[in-house]
2 protein chains.
Amino acid sequence: MTTTQELTEGLDDLPYNVFAKACPSRGTLEHVTGRWGGLILCALFEGSLRFNELRRRVDGVSEKMLSQTLHALERDGLVHREAQPTNPPRVDYELTRLGRGVAERLHGLIHFVEDSMDEVLAARERYDSARA
Amino acid sequence: MTTTQELTEGLDDLPYNVFAKACPSRGTLEHVTGRWGGLILCALFEGSLRFNELRRRVDGVSEKMLSQTLHALERDGLVHREAQPTNPPRVDYELTRLGRGVAERLHGLIHFVEDSMDEVLAARERYDSARA
DNA sequence: CTGCATCCCCAAGGATACTG
DNA sequence: CAGTATCCTTGGGGATGCAG
C-alpha cells in the first residue's frame with residue numbers, strides 16, 4: 001500500500017515548508033527575522049523589558065514599529081504581554097517558551113554575525129576593489 | 001557631539017553590536033535575515049545551485065531580487081560565485097566557510113519555526129478570538 | 001541560461017500629534 | 001508611561017524588455 005504521504009515524503013513536503021510561497025511559516029519567519037522582530041526577540045532573550053526600555057535597547061525603532069512588531073510577536077505566541085493596572089501604567093514584555101526557542105537560535109545567529117564582521121568587512125573590500 | 005558608540009559603551013562595547021543603529025553588523029544581519037537572504041542561504045546549505053535552480057527552489061523570488069540578494073551575499077563573503085565560460089553560460093553558487101556558519105544557524109532557526117507552526121497557528125486563534 | 005536596465009507602484013515605516 | 005491615529009515619503013521589489 002502506497003500512501004500519498006509515502007510518495008511525497010523525503011523531499012520538502014513536511015507539514016510546513018518555508019520554501020513554498022503560500023506556507024504560513026514564511027509569514028512567521030518574516031515576523032521573526034524582520035527588520036525589528038529579530039532585535040526585539042534577542043533583547044527580550046536577556047530578560048523581560050518594559051515598552052520604553054525595549055525602545056531604548058533597540059536603537060532606532062520608532063514607537064510605531066515597536067508597538068506593531070510586539071503585537072505580531074504576541075499574536076504568534078512568541079511574546080507575552082503583562083500589563084499592570086497601575087498609574088502610571090507599567091507593561092512588561094517577556095518571551096514565552098516558544099519565544100525562547102526562537103530567540104535562542106536568533107541569538108546564536110546574531111552573535112555569529114557580529115563575530116564574523118571583521119571577515120565580512122574584509123570580504124567587502126576585496127569585492128569592491130576587484131571592480132574599481 | 002554624542003555618538004551612538006558613546007551612548008552604548010560600557011553596556012555592549014564589544015567590537016560590533018547589532019543593537020547600535022550605526023553598527024555595520026546590522027546591515028549584514030539584514031542581508032542574512034532579509035526577505036530573500038535567509039531562504040537563499042538556507043537553500044544553498046543543502047548544496048550548490050545554479051541561478052535558475054535557486055530561482056525555482058525559492059518559490060516567489062523575482063529574477064531581480066535573486067540577482068540583487070546574491071550580489072549582497074557575495075560581497076559580504078557568504079556566497080561564492082563560480083562562472084563557467086561556456087555557451088550557454090553556467091553559473092554555480094555555493095556557500096563559503098563563513099556562509100556555511102551563517103546558513104547552519106539560519107537552517108536551525110527556520111526548522112524550529114516550521115516545527116512550531118501548529119503552536120503558532122493555535123496562538124493566533126486564541127489571540128484573535130480573545131478580541132472578537 | 002544568466003543576467004542587467006528601466007519603469008513604476010504600493011506598502012513599510014518614519015515623524016508628529018494626541019490620549020488614557 | 002504606554003500606547004493609538006494620521007500623514008507622508010522612500011525605496012523595496014514586481015513586471016517587462018533587452019543582451020551576451
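This passage describes the sheets, the loops and the DNA-facing surfaces of the structure shown above.

The structure is a predicted model, in which local features need pLDDT of at least 70, side-chain atom pairs count only at pLDDT 80 or more, and totals for chains, interfaces and linings use all residues. Residues are numbered from 1 along each chain as its sequence is written, chains are lettered from A and ligands numbered from 1 in the order in which they are written, and side-chain values use heavy atoms, with hydrogens and water left out.

A good place to begin is the annotated span of chain A. An unreviewed UniProt entry lists residues 23–121 of chain A as "domain: HTH hxlR-type"; UniProt positions are given in the numbering used here, feature names are shortened, and annotations may be inferred rather than shown by experiment. In the model, this span of chain A is 65% helix and 14% strand, and its end C-alpha atoms lie 35 Å apart. Helices (H or I, at least four residues) and strands (E, at least two) are DSSP runs, numbered from the N terminus.

Chain A holds an open sheet of three strands in the order β1-β3-β2, with antiparallel pairing; two strands pair if DSSP finds at least two bridges between them. Strands β1 (49–50) and β2 of chain A stand at the edges with a single partner strand each, so one side of each has no neighbour in the sheet. Helix α3 (residues 37–45) of chain A packs on this sheet, touching β1, β2 and β3 of chain A, and its direction makes about 95° with that of β3(A). Here contact means heavy atoms within 4.5 Å, while axes are lines fitted to C-alpha atoms, for helices over the stretch in contact, with angles running from 0 to 180 degrees between N-to-C directions.

Turning to the strand pair itself, β2 (residues 79–84) and β3 (residues 90–95) of chain A run antiparallel and are joined by six bridges. Within this pair, A83(A) stands opposite V91(A), and Q84(A) has R90(A) as its bridge partner. A hairpin of five residues connects β2(A) to β3(A). P88(A) is placed in the loop between these two strands, and the peptide bond leading to P88(A) from N87(A) is cis, with omega near 0°. As background, most peptide bonds are trans.

Chain B can be described in a similar way. Its open sheet has three strands in the order β1-β3-β2, with antiparallel pairing, and the edge strands β1 (49–50) and β2 (79–84) of chain B each pair on one side only. Six bridges link the antiparallel strands β2(B) and β3(B), with Q84(B) opposite R90(B). Helix α3 (residues 37–45) of chain B lies across β1, β2 and β3 of chain B at about 95° to β3(B). In the loop between β2 and β3 of chain B sits P88(B), and the bond from N87(B) to P88(B) is cis, with omega near 0°.

Both chains contribute to the surroundings of DNA strand D. Of the 19 residues around this strand, R50(A), S67(A), R81(A), Y93(A) and K64(B) come nearest, where a residue is near a molecule or strand if one of its heavy atoms lies within 4 Å of it. Sugar and phosphate make up 58% of the atoms of DNA strand D that come within 4 Å of the protein. Among the polar contacts (pairs of N or O atoms within 3.5 Å; within protein, one must be able to donate a hydrogen and the other to accept it, and residues adjacent in sequence count only if both atoms are side-chain atoms), polar side-chain atoms of R50(A) and Y93(A) lie 2.9 Å and 2.6 Å, respectively, from a phosphate oxygen of DNA strand D. K64(B) instead has a side-chain N or O atom 2.5 Å from a base oxygen of DNA strand D. Helix α5(A) gives the most to this surface, with four residues.

DNA strand C has 18 residues around it, of which K64(A), E63(B), S67(B), R81(B) and Y93(B) come nearest. Sugar and phosphate account for 59% of the atoms of DNA strand C within 4 Å of the protein. A side-chain N or O atom of K64(A) is 2.5 Å from a base oxygen of DNA strand C. Phosphate oxygens of DNA strand C are approached by R35(A), at 3.2 Å, and by R50(B), at 3.1 Å.
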